[in-house]
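Visitor: Could you take me through one part of this model in close detail? I would like to look at the surface that meets the DNA.

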Protein chains: 2
Amino acid sequence: MIQSPDTRTQILDIAEHLLQLRGFNAFSYQDIANELGIRKASLHYHFPSKADLGAALAERHANRALAALQSVDELNLTVWQQLDAFFKPFIELANSCELMCVGGVMASEYSTLPPPMQNRMKEFFAIIHTWLTRVLTQGRASGQLYFGAEPTIKADTIIATLEGSILIAKTRQNADFIDPLIQDIKASLGG
Amino acid sequence: MIQSPDTRTQILDIAEHLLQLRGFNAFSYQDIANELGIRKASLHYHFPSKADLGAALAERHANRALAALQSVDELNLTVWQQLDAFFKPFIELANSCELMCVGGVMASEYSTLPPPMQNRMKEFFAIIHTWLTRVLTQGRASGQLYFGAEPTIKADTIIATLEGSILIAKTRQNADFIDPLIQDIKASLGG
DNA sequence: GTCTATAGCGGGATAGAC
DNA sequence: GTCTATCCCGCTATAGAC
């Protein structure tokens, strides 16, 4: 049975979409209120300040990433399936040609964000980097992956490439390059 | 003999720095005026609207990139030296741990930018992609580079990785990873 | 070309009724 | 929890003196 999400969750969902579309500094409580169909003053009941809203967004995003990667771990997938699961959300964002990664947009606005948002954003990147480094390390040890660099560096390269691909898709309003680019990443891992 | 740049150029220089530090939507005419030591109203004499200023910034950046790459072409460098020259500005931005690439920050704010800025930003990326694709194509044809993907895709991968690296450095406030990451990119080209 | 002064808008945020 | 009403602020932009 599906119950409509509570108001707080709906606010977070709308805010997250606006964050990915425009960035944190370029959407307002008014924008959220318009979409949700309530008055902007009411939003302050749920999130007293925009910094509180931003911190909640960043925290939810880090928590979701951690949970999603732990779910992947529980599925007994092959290394290549694990990597595909990791790539998937980035590929979807690139294919949209308009949405930013929540982590990426917070990184690009870093210096203007309230400190709690900055810290949660760092957590997000630490989570995905740790996970990917571990998968790369295990994959190479088991002989399923072949690459020269240190796993921690390879993880940085891959995450940078995925984040950058989302930007490139926006600059071009076209994501035809994304599938062959993913193949290129896999080739660099011996795939 | 060094003459101090004209006011218009000084405005562009200050605005560019603020753009790289905070993004286009997060700096104001007041910020520029404070740094330049004149009143914000005076800025409108040089750039009637902020959209005009943004368009001038984006155009100058595209022109500079084109000129810089043409200069590299005239130096009779080896392919690897050409690539190093290409990587250099991205590496410097990553090492700053706080400045964004002008192109990258415009890409991340794309949907909120005035159309002339969007178009100049696309030009910038087209310029660097065209140049890098050509160098990769020639380098492989001459046997100096070895890689499997299409040169146009390899160029996308490299540009995405460089743009993403700048983001990663900001998330970590540390760029120790950047040199080995560059080595990893070179390794993917047979270096 | 730079100044003062100000218009006009939209932002985040609060008070208090319901 | 949501409303109306309001406050204060900073923003872009303009008018007109110098």
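Guide: Happily, and the two protein copies make a good start: a turn of 180° with a shift of 0.0 Å along the axis lays chain A on chain B with an RMSD of 0.0 Å (least-squares superposition on the C-alpha atoms of residues with pLDDT of at least 70 in both). The two copies are thus related as by a two-fold rotation axis. This is a predicted model, in which local features need pLDDT of at least 70 and side-chain atom pairs count only at pLDDT 80 or more, while totals for chains, interfaces and linings use all residues. Residues are numbered from 1 along each chain as its sequence is written, chains are lettered from A in the order in which they are written, and side-chain values use heavy atoms, without hydrogens and water.

Now to DNA strand D. It is surrounded by 16 residues, each with a heavy atom within 4 Å of the strand; the closest are Arg39(A), Ser42(A), His46(A), Lys40(B) and Lys50(B). Of the strand D atoms within 4 Å of the protein, 59% belong to sugar or phosphate, and the rest to bases.

Polar contacts (pairs of N or O atoms within 3.5 Å) reach both parts. On the backbone side, an N or O atom in the side chain of Ser28(B) is 3.3 Å from a phosphate oxygen. At the bases, a polar side-chain atom of Lys40(B) lies 3.3 Å from an oxygen, and one of His44(B) lies 3.2 Å from a nitrogen. Helix H3 (40-46) of chain A, together with helices H2 (29-36) and H3 (40-46) of chain B, are the elements giving two or more residues to this surface (helices are DSSP runs of H or I, at least four residues). H3(A) gives the most, with 4 residues.

Notes:
Polar contact = N/O pair within 3.5 Å; in protein donor to acceptor, adjacent residues only side chain to side chain.
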